[in-house]
Structure formats: structure tokens, C-alpha cells
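Thanks for asking me to look this over. Here are my notes, point by point, to read with the structure open beside you.

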Amino acid sequence: MLDEFIEFTQALFPSISPYVKEQTKAAVKQFRLDGKKLNLFNYKPYNYLSQGDIFEGIPFTRIDEDGNITAYRGKGMLISNTCSADHDDEIVLAPLLDIDLLGLGKADIVNNLHYRLLYLPDERYENYVVDFSLLNTFNKHVLIKMMEQGKVIKETSLNQFGFYLLLCKLTVCFMRPEDEEVQADRRENYMQLHCTD
């Protein structure tokens with residue numbers, strides 16, 4: 001049963017290989033054109049919440065290593081699926097951070113080589129990067145009310161090209177399989193717990 005499920009999972013995500021590092025990087029690099037900015041956004045934002053929407057004025061919270069909570073307002077991207085944003089009360093947003101404040105090599109960020117970061121090669125956001133490691137849950141109804149009050153502004157919605165870039169990065173960030181050693185440890189643990197002689 002475990003082997004069949006593993007085969008099903010591998011068939012479900014055939015393009016993700018944890019053993020061919022360069023292929024995952026190449027899958028994201030296809031969205032970059034040398035020396036050119038891409039058009040990743042619609043002419044105007046959708047009038048509903050859609051995955052990849054970018055907002056200004058989103059309140060984010062963080063907990064530091066000492067357990068202190070800090071809050072700030074800034075740009076954020078809707079990470080929840082469009083259907084989930086329509087039906088669920090809670091949605092997930094990721095902050096857009098100033099690239100220069102991250103302390104990472106800008107070339108690697110711009111080339112989308114960090115799994116947790118999504119760089120959008122568009123002039124409006126060339127100094128920002130989406131950080132999937134700092135996701136915040138937000139009440140959809142509060143967000144809509146804040147938009148109605150002008151406290152939060154929806155800046156833009158992704159076009160199809162931008163949407164596929166987002167899906168590619170989300171897949172590589174959250175759904176790439178673990179390496180063989182970790183998979184072997186998980187299998188061994190499962191066998192010890194559920195398979196007796």
C-alpha cells in the first residue's frame with residue numbers, strides 16, 4: 001500500500017525531482033528574459049479576490065527568536081487559491097519585502113534561485129520579492145472592509161503568465177520531494193509502526 005501511494009505521489013508531481021537541482025532552477029528561469037521586463041499583470045485588477053493579487057497596506061505580524069511580536073503594514077500577495085478566497089473566511093497572504101533589506105545576493109533573487117522567494121520581473125515590483133516563509137492568515141471579511149475603507153488598496157492581479165510563474169514557485173517551494181535519505185527514514189518509520197511480522 002505504501003509503495004502504491006508513493007508511486008501515485010510521484011505520478012501526481014512528475015516534473016519535480018529533488019535529485020536534479022538544475023532542472024528545478026531551469027523551470028523558474030524560463031520566466032526571465034535577459035535584459036527585459038515581463039508583463040505579469042492584468043491591465044486592471046479583478047473585482048474579486050484572486051490568487052496572486054497584490055495589495056498595499058496589509059497588516060503583517062512576525063514573531064522573532066525571542067518571542068516578541070512585531071507588526072507592520074506593507075505590500076502583500078494573496079497566496080490562497082481563488083476558489084478558497086471566495087468560499088473560506090480565512091485567507092493566506094505573503095509579504096513583499098524590500099530586496100535590499102534581505103542581505104542576500106540580488107542576482108540570485110532576481111533569477112529566482114531561492115525556493116522561498118518569488119521575484120516578479122516587472123518594473124513596478126523590481127525592488128520587492130514575495131517571501132513564502134512569512135505567510136500570515138487574514139480574515140477575508142476584514143480585508144474586504146479595509147479595502148472599502150481605503151486602508152488597503154488592491155494594486156494589481158496576475159495575468160496568465162504571472163499566474164503560472166506563481167504556481168511554479170509555489171510548487172518548487174512547498175511540494176518538492178525531500179531527498180532520498182529523508183524519504184528512506186520516513187519509509188522505515190512507517191514500516192516499523194505499521195508492518196509487523
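1. Let me begin with the cysteines. A disulfide here is a pair of cysteine sulfur atoms within 2.5 Å. By that rule, the count comes to zero disulfides. Two cysteines you may want to find are Cys-168, which is buried because its relative accessible area of 14% is under 20%, and Cys-173, likewise buried at 16%. Please keep in mind throughout that this is a predicted model.

2. Now the overall layout. The protein has seven helices and seven strands, and from the N terminus on they run α-α-β-β-α-β-α-β-β-β-α-β-α-α. Of its 197 residues, 35% are buried. How much of the contact set links residues 24 or more positions apart? Among contacts with a separation of 6 or more, such pairs account for 69%.

3. Strand 1 gives a nice pair of residues to look at side by side. Ile-54 lies in this strand, and so does Ile-63. Is Ile-54 buried or exposed? Ile-54 has a relative accessible area of 0%, so it counts as buried. Ile-63, by contrast, has a value of 64% and is exposed because that is over the 50% cut-off.

4. The contacts of these two residues are worth following as well. Leaving out residues up to four places away in sequence, Ile-54 touches Phe-41, Gly-76, Met-77, Leu-96, Leu-120, Tyr-125, Ile-153, Lys-154, Glu-155 and Thr-156. One of these, Lys-154, is 100 residues from Ile-54 in sequence, yet their C-alpha atoms are 6.0 Å apart. With the same neighbours set aside, Ile-63 touches Asn-68 and Ile-69. Ile-63 and Leu-134 are 71 residues apart in sequence, with 9.9 Å between their C-alpha atoms.

5. Ser-50 sits ahead of strand 1, in the loop between helix 2 (21-29) and strand 1 (54-63). Although it is a loop residue, Ser-50 counts as buried, since its relative accessibility is 4%. Beyond its neighbours up to four places away, Ser-50 touches Leu-78, Thr-82 and Ser-157.

6. Lys-151 is another loop residue to visit, found between helix 5 (140-148) and strand 7 (153-156). Which residues does Lys-151 contact, leaving aside neighbours within four places in sequence? They are Glu-56, Gly-57, Arg-73 and Met-146. The side chain of Lys-151 also makes a polar contact of 3.4 Å with the side chain of Gln-149. Pro-59 is 92 residues from Lys-151 in sequence and 10.0 Å from it in space, C-alpha to C-alpha.

7. Finally, have a look at the second largest pocket, which has a volume of about 230 Å³. It is lined by 15 residues, and the closest to its centre are Arg-62, Tyr-72, Leu-96, Leu-97 and Asp-98. Strand 2 (69-78), strand 3 (90-98) and strand 5 (128-131) are the elements that give two or more residues to this lining. Strand 2 provides the largest share, with four residues. What is the chemical make-up of the lining? Its residues divide into eight nonpolar, one polar and six charged. Leu-96, listed here by the pocket centre, is also one of the residues that Ile-54 touches.

Conventions: Residues numbered from 1 in each chain as written. Predicted model: local features only at pLDDT ≥ 70, side-chain atom pairs only at ≥ 80, totals over all residues. Heavy atoms only, no water. 1 Å grid on protein atoms, 1.4 Å probe; cavity = no way out; pocket = protein on both sides within 12 Å on 5 of 7 lines; lining within 4 Å. Points joined across faces, edges and corners; volume = space filled by probe spheres on them. Nonpolar A, V, L, I, M, F, W, Y, C, P; charged D, E, K, R; others polar. Contact = heavy atoms within 4.5 Å. Polar contact = N/O pair within 3.5 Å; in protein donor to acceptor, adjacent residues only side chain to side chain. Buried < 20%, exposed > 50% of the residue type's maximum accessible area, 1.4 Å probe, protein only.
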